[in-house]
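Here are a few exercises to work through with the model open beside you. Try each task before you read its solution.

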Amino acid sequence: MNSKQNNSNFLMGMLALAVSFPIIVVCSAWFFPGTELWGHFLENLLPELIVSTFILLLGVGIGVSLLGTVLAYLVVMVEFPGRQWLEWALFLPFAIPAYVLAFVYLGVFDYSGYAQVWLREYTGMPGFDIRAGSWAIILTFVLVFYPYVYMMARASFKRQKIQMIEAGKMLGAKSFYVFWKISVPLARPAIAAGLLVTLMETLADFGVVSLFNYSTFTTAIYSAWGDFRSIEVAAQLASLLVLIAFFLIYFEKKARGKAKYYSSDISHIRPYQATGITGWIVFLFVFGIFMLSFAMPMLQLIIWSFEKYAEEISQEYSNYFSSTGILTVSATILTVTVATVLALPSRRKAESKALQLLIRFSTLGYALPGSVMAVGLLYGVQNISLVSIQLGGSSINHILFGSVALLLFAYISRFMAIAYNSASASSDQIKPVFEQSARLLGSSRMRLIREVYIPMMTPGILAGGLLVAVDIMKELPATYLLRPFGWDTLAIRVFELSSEGLYDRAAIPALIMVFLGAIIMLLFIRLDSERY
Amino acid sequence: MEYKVNKKVSIFSILVISILSTSFSASVMAASDDSLTVYSTRKEHLIKPLFDAFTNKTGIKVKYLTGKGGALIERIKLEGKRTKADLFMTVDAGNLWYAATQNLFQPVNSETIKNNIPNHLRDPANLWTGLSVRARTIIYSTDRVSPDELSTYQDLANQQWKGRLCLRTSKKVYTKSLVSSLIHHDGLEKTTEVVRGWVDNLAATPHAEDVHIMTSILAGQCDVGIVNSYYFGRMQAEEPNVALKLFWANQDSTGTHVNISGAGVTKHSKNPEDAIKLLEFLSSVEAQKIYVGLNKEYPASQKIKADNLIALWGDFNQDKMNLSVAGKNQADSVSLMQREGYK
């Protein structure tokens, strides 16, 4: 039995190592000598970039935590007009790719956008450059990423014991005090988990920051690569992102602490009623967020689409559809399967710090810019080929480059964080007593996994899977570099058109993507409502 | 319930295995047919009509893979001798120059191409050739600027343009190549002064796209900017009376900076003869007409006239600096812009 346990640890370790492969390749760039480029960057670029990246992370972090938590609290704890549909509608912005939201916002709110033109005309107010400073880009990121925190915090609030809140109320605590001193501390691990994902994605973003021409760490990475043609320095810089992500995970763990706050019973009673004018104010706030983050951008995309529909729609679209569909479905299944294996509870795993660390490491691909990770993967394959040639074999480059297999591998590595977090959140709730009693009854580990763990983890696994699916569908840089011939996806089409400045035509594939993403989110919501 | 889960799992695994196996076999099989393969950073909607015309004429099929410059170059490098790419096609002379330094191309000695495309638009060692030309020049508001006030790129650094200038980000390759050409003509020191003046004169954070520069001028955020000619061409095709005009910069000195899109035959092409045929076709009058019609660019070929619309903008003197210089100076140009805080 002992050796079996070791086997399963070994298997998990190998799997985590495989997932970490591109991350390891990127980090190994430090073995190459640095160039004089570092001197130029340290003097001219990095001081400013570190400050602006920090401001961005801080702003986005505070913003999504506040917005996500407050919205989740309102829909779970307060009864107000429209609450029922808004509770679901607030998930939808997740279906919009961040760079699409950015080009819509710039089109509407920048100096030449209609919002400002209208303001100038009717109020005489002077125009302004929304790309100056950092507030507008922070707001954009907050509006596109708040669903991560909202989703997690909402699930957590749903599980809070209503009695504690009732007790607080009976003891005369003001509602804000109950929110701040009871509910939020209890939801802290969930909020931190949503925040972590947001910050990793913000760190790795290239699309939104280039549209706003805002400089972050990724600017230096692409400058090293694109301007100075040094892929080594680019990888070295990128590996610093991995380091930052590692610290973030560490802090998240700290925030979570050892405590498990979950209770298993879910209550549908809402402790607060917002009626009359208060109710409408709450409604207006929540509805406003929904309008700004989803309805308005959708409307803009539809307006643009109408103008260019005939020009853009072609037979190619059936191809974009099928590539997007096949890649999304198969990569999601693979990612979720690997994540589930890594997240299975086991006593041995709980005891092995090294294994836990390795598994955590394997989720860091999310913080790497997609194209850096993809090139890392190509270099990794190249290294294997070199070893294989050394051993008298042949190169495998031509088999793997441009194969769906390599692309799927890239997706697994890149989105492991989302699938793993979700799967492990549900496996953390499985009490160790199951393992003990199963052992006592002489049941095998396989049987335990099949009959106890998997069914108990299924909701978490599926929820993670749907989120991963939306993310894969939106993925651009890795797909762009690694895809086989003819496997253009909708995301690629959006990019090819928008990067030529043809935003109105790009709106069509973008709209289709949002539509598909919304269907996936609806599935997620169905699943979620069955759970509660 | 348990049975159901297992059944689902097995269906999933069958699906995944079949996808994996087809993907492997597809990639192996793809290596063995006699069509041409092009890796391109020029977008699909701009290249497909050209390849269709070539296939119609010669019967040779063309497959293509679009992507980002730096990443595609790495891919070709790593694919090495087994690369499927016969032709690498990209925009900006700096990118072509870099691909050449990475040993991606083989020299092509084609009289047809030499006859069609002028010298300064081709690599001195015949590794690549330009196929379409875009001028990067000054654009101004016809409401607020008179053409008498305009003269050179360098002049936009002067005090009179304070708060009136819009530029594209220094991260875009077209900006880098323009500044590279200024370094070539004026030297590092003088160009530093010019870039510093530009940054001082900016009315807004540098824009991500040339299109945004034009809409910003129309909205009154700024009065002048620098854009690639075809962006204006596209806008004018949709709105003929738009209150913007192009001004040919540096006519009395070095000529207006031009850039190209171009291509070269890859070093490890399996089918160099057909690849050269494709390249020759792309330089021919027939293909050059498609280039010009699709994207409002200037032909690289000396043998045809520009599209009616862009012919109305008038003739201008091109900067005759050999475009490989744009590539050579690129690192200097980026360092300079980063030092001067040109974002």
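**Exercise 1. The interface**

How much area do chain B and chain A bury between them, and what percentage of it is on carbon and sulfur atoms? Bear in mind that this is a predicted model.

Solution. Start with the total: about 5800 Å² is buried between chain B and chain A, with 57% of it on carbon and sulfur atoms. Next, see who supplies it on one side: Arg75(B), Leu78(B) and Gln338(B) give 12% of the area that chain B buries against chain A, more than any other three residues. Finally, count the participants: 63 residues of chain B touch 67 residues of chain A.

**Exercise 2. Polar and charged pairs across the interface**

Find how many salt bridges link chain B and chain A, and describe the chain B side of the contact.

Solution. The general idea comes first: side chains of opposite charge can pair when their charged atoms come close. Applied across the interface of chain B and chain A, the rule finds five salt bridges. One to look up is Glu238(B) with Lys308(A), whose closest N and O atoms are 2.7 Å apart. Widening the search to polar contacts gives 25 residue pairs between the two chains, both partners at pLDDT 80 or more. Now turn to the chain B side: helix 1 (residues 2-29) of chain B contributes the largest share, twelve residues. Sorted by class, that side has 24 nonpolar, 21 polar and 18 charged residues.

**Exercise 3. A salt bridge within chain A**

Explain why the pair Glu311(A) and Arg505(A) ties together parts that are apart in sequence.

Solution. Over all chains, the structure holds 35 salt bridges. In one of them, the side chains of Glu311(A) and Arg505(A) meet at 3.3 Å, N to O. Glu311(A) belongs to helix 13 (residues 276-312) of chain A and Arg505(A) to helix 24 (residues 503-531) of chain A, so the pair ties together parts 194 residues apart in sequence.

**Exercise 4. A helix pair**

Describe how helix 7 and helix 9 of chain A pack.

Solution. Begin with the geometry: helix 7 (residues 135-158) and helix 9 (residues 175-204) of chain A pack at about 150°, their axes 8 Å apart. Their crossing is right-handed. Then classify the contact: 15 nonpolar, five polar and one charged residues.

Key
Residues are numbered from 1 along each chain as its sequence is written. Chains are lettered from A and ligands numbered from 1 in the order in which they are written. This is a predicted model: local features need pLDDT of at least 70, side-chain atom pairs count only at pLDDT 80 or more; totals for chains, interfaces and linings use all residues. Side-chain values use heavy atoms; hydrogens and water are left out. Axes are lines fitted to C-alpha atoms, for helices over the stretch in contact, and angles run from 0 to 180 degrees between N-to-C directions. Helices (H or I, at least four residues) and strands (E, at least two) are DSSP runs, numbered from the N terminus. A crossing is left-handed if the near helix is turned anticlockwise from the far one by less than a right angle, and right-handed if clockwise. Ala, Val, Leu, Ile, Met, Phe, Trp, Tyr, Cys and Pro count as nonpolar, Asp, Glu, Lys and Arg as charged, and the others, Gly among them, as polar. Buried area is the accessible area (1.4 Å probe) that two parts lose on being put together, summed over both. A salt bridge is a side-chain nitrogen of Lys or Arg within 4 Å of a carboxyl oxygen of Asp or Glu. A polar contact is a pair of N or O atoms within 3.5 Å; within protein, one must be able to donate a hydrogen and the other to accept it, and residues adjacent in sequence count only if both atoms are side-chain atoms.
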